[in-house]
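This report describes a single protein chain in terms of its folding elements, their packing and selected residues. The sequence and the coordinates are shown first.

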Amino acid sequence: VVCHDPRLHPDIARGPDGLWLGAAGPAITSLTFDDLGRFDVGRLRPGSAYAAAFPDQVPCDGERIPRLADVFTLAEASREIAFNLEIKTSPLRPDETAPPQVIADAVVRQVRASGVVGRTTLQSFDWRVVRRVLETAPEMRTACLTSEQPEEDTIAAGRPGPKPWLAGLDPSAFDGSVPRMVQSMGSRVWCPDFRDLGAERLREARDLGLAVVVWTVNRPEDMVRLIDLGLDGIITDRPDILRALMIARGMAVPKATPIVR
């Protein structure tokens with residue numbers, strides 16, 4: 001299924017009684033698809049910080065968490081749509097999801113069955129996922145996600161030794177260079193937190209033949225700075241803002257195709 005969180009989020013999910021969950025719900029992996037379909041995820045809880053962060057979001061009551069196959073089917077209204085699929089396993093919380101190899105294999109099977117291999121990138125902070133996809137599906141495009149922010153540092157370059165997020169790679173063996181570690185994995189795309197990227201690191205990644213796609217950029221001023229930096233892509237919760245900025249700057253954008261359920 002397609003869901004951001006490993007557990008049902010109390011600011012998104014309402015039970016069959018119509019009431020918001022009082023706390024984080026059960027792990028998605030512990031539920032059958034029918035069980036999951038009992039929860040309405042069509043709006044954000046009024047008054048929550050989550051809702052305040054996205055005041056323009058339009059509620060769609062009655063929506064359920066979809067299968068990945070359902071998303072592929074829905075998106076076939078436009079053959080221009082590409083898919084950037086993040087597999088969200090954690091080496092620090094292994095009980096919250098199925099093992100990374102299991103999820104990676106399941107996603108690859110569905111991507112192949114839906115005939116969208118050429119339009120799909122599989123990415124993860126958990127580089128065990130990336131390694132698995134590279135080993136079992138070399139035709140798939142992969143991307144290595146990273147964060148070096150204090151609240152979540154998946155690199156921990158200041159502490160020598162193998163890192164759980166990096167499939168056991170040791171940053172000290174690469175002089176702390178994240179682009180070099182990505183290259184050593186065999187992936188062609190590096191996806192850093194946008195706050196971790198500057199011109200020098202972008203040049204290093206480009207010199208190594210890597211594409212660079214940053215996440216998650218929602219403010220127009222940050223979008224403009226990053227476009228001027230010349231990277232390859234921006235992950236955002238506000239594609240409407242990014243699209244308008246690109247059009248205003250004379251950049252090519254895909255045609256907007258309505259998706260009708």
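## Phe-72 and its surroundings

Phe-72 belongs to helix H3, which covers residues 68-75. In this predicted model, the relative accessible area of Phe-72 is 2%, so the residue is buried, the cut-off being under 20%. Leaving aside residues up to four places away in sequence, Phe-72 touches Phe-83, Leu-85, Gln-110, Val-111, Ser-114 and Val-116. The C-alpha atoms of Phe-72 and Phe-83 are separated by 8.7 Å, with the two positions 11 residues apart along the chain counted as their separation.

Two of these partners, Phe-83 and Leu-85, also make up the covered face of strand S1. The uncovered face of S1 carries Asn-84 and Glu-86.

## The parallel sheet

An open sheet is built from six strands in the order S1-S2-S3-S6-S7-S8, with parallel pairing. Its edges are strand S1 (83-86) and strand S8 (233-234), each of which pairs on one side only. In general, strands of a sheet pair through backbone hydrogen bonds, in either a parallel or an antiparallel arrangement.

The pairings can be followed from the S1 edge inwards. S1 and S2 run parallel and are joined by four bridges; Asn-84, on the uncovered face of S1, stands opposite Thr-121 in S2. S2 in turn pairs with S3 in the parallel sense, over four bridges, and Ser-124 has Cys-144 in S3 as its bridge partner. Strand S3 (residues 141-146) then pairs with strand S6 (residues 189-192), again parallel, over three bridges. Here Leu-145 has Cys-191 in S6 as its bridge partner. Strand S3 is mostly covered, with five of its six residues buried.

## Helices H5 and H6

Helix H5 (residues 127-136) lies across strand S2 (120-124) and S3. Relative to S3, helix H5 runs at about 165°.

A pair of packed helices is described by the angle between their axes and the distance between the axes. For H5 and helix H6 (residues 178-185), the axes come within 10 Å and cross at roughly 35°. The contact has six nonpolar residues, one charged residue and no polar residues. From H5, the residues involved are Trp-127, Val-130, Arg-131 and Leu-134. They meet Met-181, Val-182 and Met-185 of H6. Arg-131 is the charged member of this contact, since Arg is classed as charged.

## Positive phi in the loop before H6

Which residues of the loop between S5 and H6 have a positive phi without being glycine? Ala-167 is one of them, with a phi of about 55°, and its place is in the loop between strand S5 (152-153) and H6. Asp-175 also has a positive phi of about 55° although it is not a glycine, and it is found in the loop between S5 and H6.

Are these two residues buried or exposed? Ala-167 counts as buried because its relative accessibility is 16%, below the cut-off of 20%. Asp-175 has a relative accessibility of 69% and therefore counts as exposed, the cut-off being over 50%.

## Ala-51 in helix H2

Ala-51 is located in helix H2 (residues 49-53). Beyond residues up to four places away in sequence, Ala-51 touches Leu-44 and Arg-45. Ala-51 and Ile-12 are 39 residues apart in sequence, and their C-alpha atoms are 9.2 Å apart in space.

## Overall dimensions and composition

The secondary structure of the protein comprises nine helices and eight strands. Along the principal axes, the C-alpha trace spans about 55 × 45 × 40 Å. The radius of gyration is 19 Å, which agrees with the value near 18 Å that a compact globule of 261 residues would have.

Of the 261 residues, 41% count as buried. The protein exposes about 13900 Å², of which carbon and sulfur atoms supply 54%. Among contacts with a separation of 6 or more, residues 24 or more positions apart account for 50%.

Technical notes
Residues numbered from 1 in each chain as written. Predicted model: local features only at pLDDT ≥ 70, side-chain atom pairs only at ≥ 80, totals over all residues. Heavy atoms only, no water. Pairing = 2+ DSSP bridges. Helix = DSSP H or I, 4+ residues; strand = E, 2+ residues; numbered from the N terminus. Contact = heavy atoms within 4.5 Å. Axes fitted to C-alpha atoms, helices over the stretch in contact; angles between N-to-C directions. Rg over C-alpha atoms; globule rule 2.2 N^0.38 Å. Buried < 20%, exposed > 50% of the residue type's maximum accessible area, 1.4 Å probe, protein only. Areas by Shrake-Rupley, 256 points an atom, 1.4 Å probe, with all protein chains shown as cover.
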